[in-house]
Every structure is written in structure tokens, then in C-alpha cells.
Amino acid sequence: YAIQRYSGCKLKFAGGTNMLVKDMLTHYPQWNINIFNCAPFSGLILVGVAIAVGVVAYSTGPYPLSHHGLGEVAVLFFFGIIPVNMTYYIPAGCVTWPVFLGSVSIGLMGANVLIVNNYRDREADAAVGKRTLAVILGGRVVRVLYVVNGVAAVALMAGTWLAVGAVWPVVPALYLTGRAAIFAALCRRHGAALDPLLGMTA
């Protein structure tokens, strides 16, 4: 709802009686819960197939993305940009700039989970010839990249945070505080001691 207010792009559906509590969705007239009767449902299937292909290409196939320093890029696109924009486009019929920025923000946060994972495994990956981004760039650079991604994720959503009220910007401030703490832990910890940071990043 916040992104709708900020972007001015209204969501429209049709039908759907007896499926939801009456008057529960007053902001969105003409809802349709029977998505199998909607033309956009075919688009949803195509998006799902594209994401599935991306997931498979991440670790298998003739050119596994995760083995060539492209794992984080795959996460950015297939867990951020593509699903977020298409999920919005199918009911709304448009993709707005704030929605796109939000999709990149989500993708960057997802990529940070992979950065921590590959940072932990970089020595073992290098030993078997798996060239993740952490192996290619080195531990020091990907630690900095972790912070850059976190700051960029918050900056991209600044307009939306400000649009929803004066209190909500506290949330990204807390998020950045957490990223700073994890960055400090990345500098100190090694091996299995990094495992908790995966959950903290997620």
C-alpha cells in the first residue's frame, strides 16, 4: 500500500466474492481471487519458469553462474528485479520507478546473504576451482561490497520510507546498524564462526 501511495499506480482486480472478509480490501476495488481465469496468470507462469531456469543455471549447466563470479548477479535478478516487478505488473498493469527501485533493493539484500556464504567458503571454493565473487575479488573487497550493497538497498528505498511517515525511517537506520555490526564480525571471524551471520543477514 505504501508503494501504491508513493507511485500513484493503482492495483485493480475483479470479482472474488465469498473469498475474503467483506470490506477488508476497501483500497482495492474489483478484486479477483480466481487467478486461473485471469489472462495475466499465463504471465505469472512464464515468470515462474524464468526464475526456475535462473535457479538451475546458478549451480548447474554448461556455465554455472555461481562458479564464475555471477552468483550475486543471479540473485539480484532472479530473487529481486524479476519476481518483484512482475508480481506488481501482473495485477497493476504497470511497473513504476519506485517499484523497480524496491526490486533492486531486495535483490541487493539477497545478494548479501550469498556474499556472506561465499566469504565463509572462499578458501574451500578456491581449492576446488570454484571461482565465486569472493574468490575472484578477495575477502577484503567483498566485505566492503557487503556494506555497499546494504547502504545502496536503503538509499534506493529512501523515497518510499519517507512517504510512509516520519517514524518509519527508523527501520532502515536499524538495518544499517545491523549491517555495520555484521561487517565488523566478518573482519574478525573465520570458518564456521561465520555461520550465524548468514541468518543475521537474511
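Buried residues make up 34% of the 202 residues in this chain. Keep in mind as you look around that this is a predicted model. The accessible surface of the chain comes to about 11,500 Å², and 70% of that area belongs to carbon and sulfur atoms.

What is the chain built from? It has 9 helices and 0 strands, so reading along the sequence you meet the pattern α-α-α-α-α-α-α-α-α. To see how the chain comes together, take the contacts between residues at least 6 apart in sequence: 59% of them join residues at least 24 apart.

A good helix to follow is α4, which covers residues 97-127. Try a small piece of arithmetic on it. At 1.5 Å a residue, the 31 residues of α4 should span 45 Å, and the C-alpha atoms at its ends are 43 Å apart, which agrees. Where does α4 bend? Look at D121, where the helix bends by about 65°. After α4 comes G129, a residue with a positive phi, near 80°.

Now let us walk along α4 and stop at a few residues. One stop is G107, which lies in this helix. Is G107 buried or exposed? Its relative accessibility is 0%, and since buried means under 20%, G107 counts as buried. Leaving aside neighbours within four places in sequence, G107 is in contact with V75, L76 and G80. You can also find F77 here: G107 and F77 are 30 residues apart in sequence, yet their C-alpha atoms are 6.6 Å apart in space.

Another stop is N112, also in α4. With a relative accessible area of 0%, N112 is buried. Which residues does N112 touch, once neighbours within four places in sequence are left aside? They are L145, Y146, N149, G150, Y175 and T201.

Next comes I115, again in helix α4. I115 has a relative accessible area of 3%, so this residue is buried as well. Beyond its neighbours within four places in sequence, I115 is in contact with E72, V142, L145, Y146 and N149. Compare this list with that of N112, and you will find L145, Y146 and N149 in both. I115 and L133 are 18 residues apart along the chain, and their C-alpha atoms are separated by 7.8 Å.

I115 also leads us into the largest nonpolar core, which has 12 residues in all. Its members are I115, V116, Y119, A134, V142, Y146, I182, A185, L186, L194, L197 and L198. Which elements give two or more residues to this core? They are α4, α6 (139-156), α8 (170-188) and α9 (195-201). It helps to know that an α-helix has 3.6 residues a turn, so residues three or four places apart point the same way. For a view from another member of the core, choose L197: leaving aside neighbours within four places in sequence, L197 is in contact with V116, I182, A185, L186 and R189. Apart from the largest core lies another one, of 5 residues, including L76, V104, L108 and A153.

Finally, let us turn to charged side chains. How many salt bridges does the structure hold? There are 2. One joins D121 and R120, with the closest N and O atoms 2.8 Å apart. You have met D121 already, as the place where α4 bends. In the other salt bridge, the side chains of D195 and R120 meet at 2.7 Å, N to O. This pair links distant parts of the chain, with D195 in helix α9 and R120 in helix α4, 75 residues apart. Salt bridges that share partners therefore join R120, D121 and D195 into one network.

Are the residues of this network buried or exposed? They fall in between. Buried means under 20% and exposed over 50%, so D121, with a relative accessible area of 23%, is partly exposed. R120, at 24%, is partly exposed too, and D195 also counts as partly exposed, at 35% relative accessibility.

Technical notes
Residues are numbered from 1 along each chain as its sequence is written. Side-chain values use heavy atoms; hydrogens and water are left out. Helices (H or I, at least four residues) and strands (E, at least two) are DSSP runs, numbered from the N terminus. Buried means under 20% relative accessible area, exposed over 50%, partly exposed in between (1.4 Å probe, protein chains only). Contact means heavy atoms within 4.5 Å. The expected span of a helix is 1.5 Å times one less than its number of residues. The bend at a residue is the angle between axes fitted to the seven residues ending there and the seven starting there. A nonpolar core is a set of buried Ala, Val, Leu, Ile, Met, Phe, Trp, Tyr and Cys residues joined through side-chain atoms within 4.5 Å. A salt bridge is a side-chain nitrogen of Lys or Arg within 4 Å of a carboxyl oxygen of Asp or Glu. Accessible areas come from the Shrake-Rupley method with a 1.4 Å probe; for residues, only the protein chains shown count as cover.
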